[in-house]
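The following exercises are intended for a reader meeting this structure for the first time. Please attempt each task before reading its solution.

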Amino acid sequence: MTTAAPEPKANMGQPIPRYDAVAKVTGKAQYAADVPLARPAYAYLITSAIAKGRIESFDLSEAEKLPGVIAIVTHENAPELKEAKFFSNGGYISTTNQPLTSAEIAEEGQIIGVVLAETYEAAREAAHRVRVSYTQATPTASFDSPGTTAARAKGQLAMFKDDPKVGDFAKGFAEAEAQLEASYETPTQHHNPMELFATSCVWQDDQLIIYEPSQYVHGLKNGVATQLGIDADKVRVVNSYVGGAFGSKGSMTPRTAIIASLARDLRRPVKLVATREQGFNIGTYRAETRHKIQIGARRDGKLTALRHEAVELSSRADAYAVGGAKTTTRLYDRPNVDSLVSIIRADRNTPGFMRSPPEVPYMFALESALDEVAYRLLMDPIELRRVNDTMKEPIGGKPYTSRSLMACYDEGAKAFGWQNRTPEPKSMSDGDWLVGYGCATACYPTQMAPAAARVRLQRDGRTRVEIAGHEIGTGAYTVIAQAAAERLGVPVEQVSVFIGDSDLPPAPVAGGSNSTASTCSAVMMVCDQIRQQLFRSVMPRESVLDKAKETVGVGKTPVTEAAKGDQPLDRETAFDALGVSVVEEYGEWKPDGAPIDSFRAMHNGQMRMVGGPEFKHGIAYAFGAEFVEVRVNRWTREIRVPRLLGAFAAGRIMNPLTARSQLMGGLTWGMSSALHEATEIDERYARYVNDNLADYLVPVNADAPSVEVILLSEQDDQINPAGVKGLGELGNVGTNAAVCNALFHATGQRIRKLPVRLEKLEV
Ligand code: MOS
């Protein structure tokens, strides 16, 4: 005898304002370095001034004399740590070049000492008074340095599976009516999140609490425990908010275990806030890449052959590669495909994930090359993509779970005014400005990973959701609250969300754009367990079983279906019938096709991400079409970008407000990476030169006056219960190529090496 309550208002998909907005704008939001500590010692890093060689001696006399200095730690007296396995080989750490273990120097900026002092200022001053004598060797800086050799990526790291190929490329290319062969290059880039690499370590007896911005609290917890040789249950990582990350805070860096062990020895909390300059070396970055693309096509635009050969740079210690040919070889229909990814080792720090790791550099090459093919064939670049659009990837013949690429192009083109474009290069102008329109495809694999959640519903509707997800600025709090609100039929204002704490049920790394899909799927499943509990008290037995079958445990049951069957539930009646005031449930969710050891790995802080080209039900990607207008001044060559526009389809959009912000940020970043961003390297010393926000160019509002985002509706019931594809990394994938394609249209000049600065133009 339930009295019908009003249908709960749908929450998922609504433009709910950001959960954490008030906390952030009022300054209440506490970031890792904001957490007050009792009587902390301050740490300041001493870093290497050379990139290769060895330390002969330290002169600490001037530093030790300073008042307030507690200790100076070098490889000669550092606490010993255990080794941790490389992140991309199934471990935790961002680099296996573990500092403070010997006198050897393997990269510029390597940590060679830590000063501990009573104040930050004393620690900094002492660090600058340390004199280091080195024996210096000539480092290998980059691709063109002497002494480099390229070796195939396959076999060097677990994350890189294979070089995709199909058919007979040589034959397909030779027989093509049009052939293109071109080389492209992308530069070194650093993430530069606003929040610096901070770490505070506090011991309470044998328990360690780490306040550190992290995209993966369970990974960090387990990684630090490994290095300290203690039980992971003794370690807790806390960060309610992360001030930007973009991949740089996805894996554990060596600094954390070092600070933790120093705090243990000192029996005091230790706080480190590394400087922005140091962050260029003690974290990861996007390494430079080179690409050779060969495309064969028929006169009607049909592609007959593609070869994508790429070289990436990594450190001596670790073979890291992003390997984006897995995407570029599958994106369009063509019978003959070949690819090869190689790695060159240099005396540099180990690179790592940076927003859209594989797709940004690799799609720049492919989408620039396609534009070149379109000009050769005198075809509209959108039509060229339409002719080669496919619902089946060519390598394994797997169907796309859904693909709205051409719908994105059509919507985007209409909104952008693509029909006003005259195709010939240099054919459009406005006074002193040459005008160019360009477009390119954005795509990003749909990825998911196992996640656990605990949800508590009170009789009055107040709900508490616990899941160790991460708010890296993306809107994680908001979408998790929406998922719970919808499944429990409570107003979103009644949902409290607790994330960013490794004491909470484990969730995957907030990387690979998997967070919303994974955390919301887990939260929805646990909310359904709660509904089951409640229904059990008010529904006949058989019906409960039906309901259970319908909503729980079957990972791929579409949400819409599951939600539909519910009769309106009066929550309070159900609670009364059950005789309780609170129902709490815990559950562990894993995506279809997740490996057998998924849940164990999840608790151990190890990634078991599935999706993309290797998804169980096909190939799963989100798509977008990006449009750029550039203006180049005829006399000064000044480049302006008055308009950026992207149309995107990424399954269910949980929240159009936060999604739009992500995609705007992506488009802006993509434009920035085409025109502004690059880490400049002094080749003589293998040293990053512009390691600060004054010299590392990023755009300001005046550089991006109009950024428009169009969200297409798309339903995909195969990917995960939330129906979410993920879009955090989708926005900046096509933009590099779209900018260069627009520049070609404006000037007739094809720039194949990023970033495009005005000295590269010859108009
Ligand atoms: Mo992203 S580069 O996977 O944080």
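**Exercise 1. Surface and overall form**

How much area does the protein expose, and what share of it do carbon and sulfur atoms supply?

Solution. The model is predicted. Step one: the exposed area is about 28100 Å². Step two: carbon and sulfur atoms supply 50% of that area. Step three: turning from the surface to the interior, buried residues account for 63% of the 763 residues.

**Exercise 2. Architecture and compactness**

State how many helices and strands the protein has, and decide how its compactness relates to that of a globular protein of its length.

Solution. The protein contains 19 helices and 28 strands. Its radius of gyration is 27 Å, and the globule rule gives 27 Å for 763 residues, so the protein is as compact as a globular protein of that length. Along the principal axes, the C-alpha atoms occupy a box of roughly 80 × 75 × 50 Å. Of the contacts between residues at least 6 apart in sequence, 82% link residues at least 24 apart.

**Exercise 3. The nonpolar cores**

Identify the residues that touch the most other members of the largest nonpolar core, and follow one of them to its neighbours.

Solution. The largest core has 85 residues, and Ile295, Phe627 and Leu675 touch the most other members. Leaving aside residues up to four places away in sequence, Leu675 touches Ile639, Val641, Val739, Leu743, Pro755, Val756 and Arg757. Another core, of 47 residues, lies apart from the largest one and includes Val465 and Met654. Pro755, one of the neighbours of Leu675, is in the segment after α19 (735–747). A cis peptide bond joins Leu754 to Pro755, with omega of about -5°.

**Exercise 4. Two positive phi values**

Asn192 and Arg267 both have a positive phi. Is each residue buried or exposed?

Solution. Most residues other than glycine have a negative phi. Asn192 has phi near 50° and lies in the loop between β8 (178–186) and β9 (198–204). Its relative accessible area is 13%, under the 20% limit, so Asn192 is buried. Arg267 has phi of about 55° and lies in the loop between α6 (255–266) and β12 (270–273). Its relative accessible area is 76%, over the 50% limit, so Arg267 is exposed.

**Exercise 5. A loop residue and its contacts**

Locate Arg459 and list the residues it touches beyond four places away in sequence.

Solution. Arg459 sits in the loop between β19 (451–458) and β20 (463–466). Arg459 touches Arg571, Glu572, Phe575, Asp576 and Ser581.

Technical notes: Residues are numbered from 1 along each chain as its sequence is written. This is a predicted model: local features need pLDDT of at least 70, side-chain atom pairs count only at pLDDT 80 or more; totals for chains, interfaces and linings use all residues. Side-chain values use heavy atoms; hydrogens and water are left out. Helices (H or I, at least four residues) and strands (E, at least two) are DSSP runs, numbered from the N terminus. The radius of gyration is taken over C-alpha atoms; the globule rule is 2.2 Å times the number of residues to the power 0.38. Buried means under 20% relative accessible area, exposed over 50%, partly exposed in between (1.4 Å probe, protein chains only). Contact means heavy atoms within 4.5 Å. Accessible areas come from the Shrake-Rupley method with a 1.4 Å probe; for residues, only the protein chains shown count as cover. A nonpolar core is a set of buried Ala, Val, Leu, Ile, Met, Phe, Trp, Tyr and Cys residues joined through side-chain atoms within 4.5 Å.
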